[in-house]
Amino acid sequence: MYNLKEKLTVAMYVAGLSASQIVGLWERFDTPDKLLNGIDKASDILDCKQLATVKKHLKDTFVAKYFNKLAQDNILCVTYYSENYPETLKNISDPPIVLFARGNVGLLKSKCFAVVGTRKLSNYGKRVTMNFTSELARYFTIVSGLAYGADSVAHTITLDNNGKTIAVLGSGLNNIYPSTNRGLAERIAMSGSLIISEFLPDAPPLAFHFPRRNRIVSALSVGLLVTEAPEKSGTLGTVNLALDQGRDVYVVPGEIYASGFKGSNNLIKSLQGCMVTSPSDILSHYNFTPRQKVTVQLNIEEQAIVDLLSQDKMNFDDLLVSTGFSVSTLNFLLANLELRSIIAKLPGNFYCLDGGNR
């Protein structure tokens, strides 16, 4: 399954060598035999302590034991030298030398699109994330970071729509973070999608891991969508990484007085042409034709509610007065329309048309 160069690359990574050191060793010793026989001559790349550690890790017994443990944990390895390592990662300034993976590693070479945003999604932000992701997932593998909020919604909606998704972790695959997303992580891996991390399988979720995770999220993707971001947000760091990597960035506008959208709206002011208000704005850029909306059959009472909400959101009491329905009838109709994703319920007992059916 793995050639010797891949195995030795993983062994050196586990030994604690940096990506640049591993690349330097392979440039010096271009075959496994030359590396194993000449490692003692690499004192200009490794110090004495590193050399002693690496020599232990390069032994057949350690390599065999480590890869057996990975197999037991259902973990695959994709190295910089593997056939299925994506060019999108090779072309960035600091590519990961090893990716630990669980699931369908073939997705690394699929056409990917990142969906990111705040961990504290508003109801509007959640609707936007659901609407855009459900459309984008028909054409792209959706990439995100398995965090609370926008990431979790993006992964979940993709799977719900039979799409493929890649979750990039800021911890090891045996230490899913946040722990409440373990079920989602398992669903991703078991459904033909993919979970990856450049960190060793038992690595904890340390703070400096997440910016490194974010560079992979953006690098894998042809473009990145921000669905909601406050002024101080890790999402904005991912945007900067995407821009440095030459990726397309798209941003959904939000309410100007909402703190959760201050970062998003500032991006729109500073990045010309990044604002999008429909998935078709993104899809058309990549020459995809969005699907036609399915005509929804409504009865007379349902149509009356939809007509009212097409003008603006309304609360329950105003709908009650405008329609003349009884409380029980209106509750029934609203529940039915919400169940069919035609309308959405907002805080304060307000209702509006669902973002995907306007």
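The legends below describe close-up views of a predicted model. Residues are numbered from 1 along each chain as its sequence is written, and side-chain values use heavy atoms, with hydrogens and water left out. Local features need pLDDT of at least 70 and side-chain atom pairs count only at pLDDT 80 or more, whereas totals for chains, interfaces and linings use all residues.

**View A. The buried and exposed faces of helix 16 (residues 327-339).** Helices (H or I, at least four residues) and strands (E, at least two) are DSSP runs, numbered from the N terminus. Leu 330, Leu 333, Leu 334 and Leu 337 of helix 16 are buried, meaning under 20% relative accessible area with a 1.4 Å probe and protein chains only. These four leucines lie on the same side of helix 16, because they cover an arc of only 100° around the axis, taken from the directions from the helix axis to the C-beta atoms. The face turned away from that buried side carries Ser 328, Phe 332 and Leu 339, which are exposed (over 50%).

**View B. What packs over helix 16, and its end.** The cover of its buried residues includes helix 14 (300-309), helix 15 (316-323), strand 10 (343-346) and strand 11 (350-353). Just after helix 16, Ser 341 has a positive phi of about 60°.

**View C. The largest nonpolar core, with 40 residues.** Such a core is a set of buried Ala, Val, Leu, Ile, Met, Phe, Trp, Tyr and Cys residues joined through side-chain atoms within 4.5 Å. Met 12, Leu 25 and Phe 100 have the most contacts inside this core, to which helix 1 gives the most, with six residues.

Conventions:
The expected span of a helix is 1.5 Å times one less than its number of residues. Contact means heavy atoms within 4.5 Å.
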